[in-house]
Amino acid sequence: MERLIKSDFVIEGPDKTQEIPFDSVPVTYGRDAWNRFRKNKVALTAAILLLLLIFMVIFGPIISGYSITESTNTAIRNNPPDSKHWFGTDTMGRDLFNRVCVGGRVSIAIGFFGAVIVTVLGSLYGGFAALLGGKADMVMMRIVDILSSIPNLLVIILISVIVDSKGIGTILFAMTVTGWCPTARIVRSQMLQISQSDYCLAARLMDISPLKIVIRHLIPNTMSVIIVDATFRVPGFIFSEAFLSYVGLGIQPPGTSWGAQAAGAQGMFQFYPWQLLFPAGMIALTMLVFTLLGDGLRDALDPRLRR
């Protein structure tokens, strides 16, 4: 009998020398969204500008070398911008760059926290309306229609008169008491589609509470829509606060915001235009940055827009 040797055997299996290379490697949803956002130069530039704005309002007074609580100096009041005072000085001789930075903290904080509040309330309300369905959904959405029909300015005036306060907390409450209604409509329309999916039906059969279904299933699967909506809501709150401060219903002295600074400088625009241009320019720039950022996030997070 002839003896077997190694060359008599043939190894069966894939030939690694003839592998077909893939054009691309699989990526996760988050990495794919980041790659698409990074390719959007306009949105990426807006994100960088937003970071610079936040850095300025936080560390601006430290960089300028002037104290936030500095007293008035009538000897240098209404000075134009120069090397010592980058944005000039106001009618009380205070450094306007410091005032813009401090006002930016208030305006951006109101925009951010206002967007967070209406996003949380609107997401939960819209999620429950979509999950319950039927008559409960109809009643809940009619409540939203009634609240949306009330003029926001009227609500703010009534709350300011009743509470007798015009602080940040009062303004936030007044702007968010009905401000969550549009978010509830958007979230409900998205969740109505998801609530009929197999995993939501399985969760109901397992007798899981509606709150857990909304938090664990419905909200995470509509997170892209929620994030984009929240991004667009931030400039809306900033503009609303600026408008309220401009007409005397917002932040009052000794507090300040971009709207309050613009309101205080409107009467002297013809003589000292920089006192109005800088806070008004910051409002316009911040709203533009958030709008462009929201457009970029919408294109990056929506898988249907993938090319």
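On the surface of this predicted model, a nonpolar patch is formed by Ile54, Phe55, Ile58, Phe59, Ile62, Ile63 and Trp86, which together offer about 680 Å² of accessible area. One of these residues, Ile54, lies in helix H2, the element that covers residues 41-64. Its relative accessible area is 33%, and Ile54 is therefore classed as partly exposed, which is in keeping with the requirement that a patch residue have over 30% relative accessible area.

The patch belongs to a protein built from 12 helices and zero strands, so that a reading from the N terminus gives the order α-α-α-α-α-α-α-α-α-α-α-α. Of the 307 residues in the protein, 40% are buried. The accessible surface of the protein comes to about 18200 Å², and carbon and sulfur atoms account for 66% of that area. When contacts between residues at least 6 apart in sequence are considered, 69% of them join residues that are at least 24 apart.

What covers the buried residues of helix H11 can be followed through their packing partners, which are H2, helix H3 (96-132), helix H10 (223-246) and H12. Helix H11 itself spans residues 258-265 and is mostly covered, with seven of its eight residues buried. The buried residues in H11 are Trp258, Gly259, Ala260, Gln261, Ala262, Ala263 and Ala265. Helix H2, which carries Ile54 of the surface patch, is thus also one of the elements against which the buried residues of H11 pack.

Rings offer another way through the structure, which holds eight aromatic pairs. In one of them, the rings of Phe112 and Phe113 have centres 5.3 Å apart and planes at 75°, and the pair is therefore edge-to-face. Both partners are partly exposed, Phe112 at 47% relative accessibility and Phe113 at 45%. Tyr272 and Trp274 also form an edge-to-face pair, with 5.7 Å from centre to centre and 65° between the planes. Here the two partners fall into separate classes, because Tyr272 at 25% relative accessibility counts as partly exposed, whereas Trp274 at 15% counts as buried. Ring pairs further link Trp86, Phe87, Phe97 and Phe278 into a cluster, and Trp86 of this cluster is also a member of the nonpolar surface patch.

Charged side chains add a further set of links, and a search of the whole structure finds six salt bridges. One of them joins the side chains of Asp90 and Arg94, with a distance of 3.0 Å from N to O. Both of these charged residues are buried, because the class takes in residues under 20% relative accessible area: Asp90 has 8% relative accessibility, and Arg94 has 19%.

Another salt bridge lies in helix H12, the element that spans residues 274-301, where Arg298 and Asp295 are three residues apart and therefore separated by about one helical turn. The side chains of Arg298 and Asp295 meet at 3.3 Å, N to O. Arg298 also forms a salt bridge with Asp299, and in that case the closest N and O atoms are 3.8 Å apart. In contrast to the buried Asp90 and Arg94, the three residues of this group are partly exposed, with relative accessibilities of 38% for Arg298, 26% for Asp295 and 31% for Asp299. Elsewhere in the protein, Arg142, Asp145 and Arg185 are linked in a network of salt bridges.

Cysteines complete the picture. The count of disulfides in the model is zero, by a rule that asks for two cysteine sulfur atoms within 2.5 Å of each other. Cys101 is buried, with a relative accessible area of 0%, and Cys181 is likewise buried, with a relative accessible area of 0%.

Definitions and conventions. Residues are numbered from 1 along each chain as its sequence is written. This is a predicted model: local features need pLDDT of at least 70, side-chain atom pairs count only at pLDDT 80 or more; totals for chains, interfaces and linings use all residues. Side-chain values use heavy atoms; hydrogens and water are left out. Helices (H or I, at least four residues) and strands (E, at least two) are DSSP runs, numbered from the N terminus. Buried means under 20% relative accessible area, exposed over 50%, partly exposed in between (1.4 Å probe, protein chains only). Contact means heavy atoms within 4.5 Å. Accessible areas come from the Shrake-Rupley method with a 1.4 Å probe; for residues, only the protein chains shown count as cover. Patches are made of residues with over 30% relative accessible area and no salt bridge: like charges are joined within 9 Å, nonpolar side chains (Val, Leu, Ile, Met, Phe, Trp, Tyr) within 5 Å. A salt bridge is a side-chain nitrogen of Lys or Arg within 4 Å of a carboxyl oxygen of Asp or Glu. Rings of Phe, Tyr and Trp (its six-membered ring) pair if their centres lie within 6.5 Å; planes under 30 degrees apart count as stacked, over 60 as edge-to-face and the rest as tilted.
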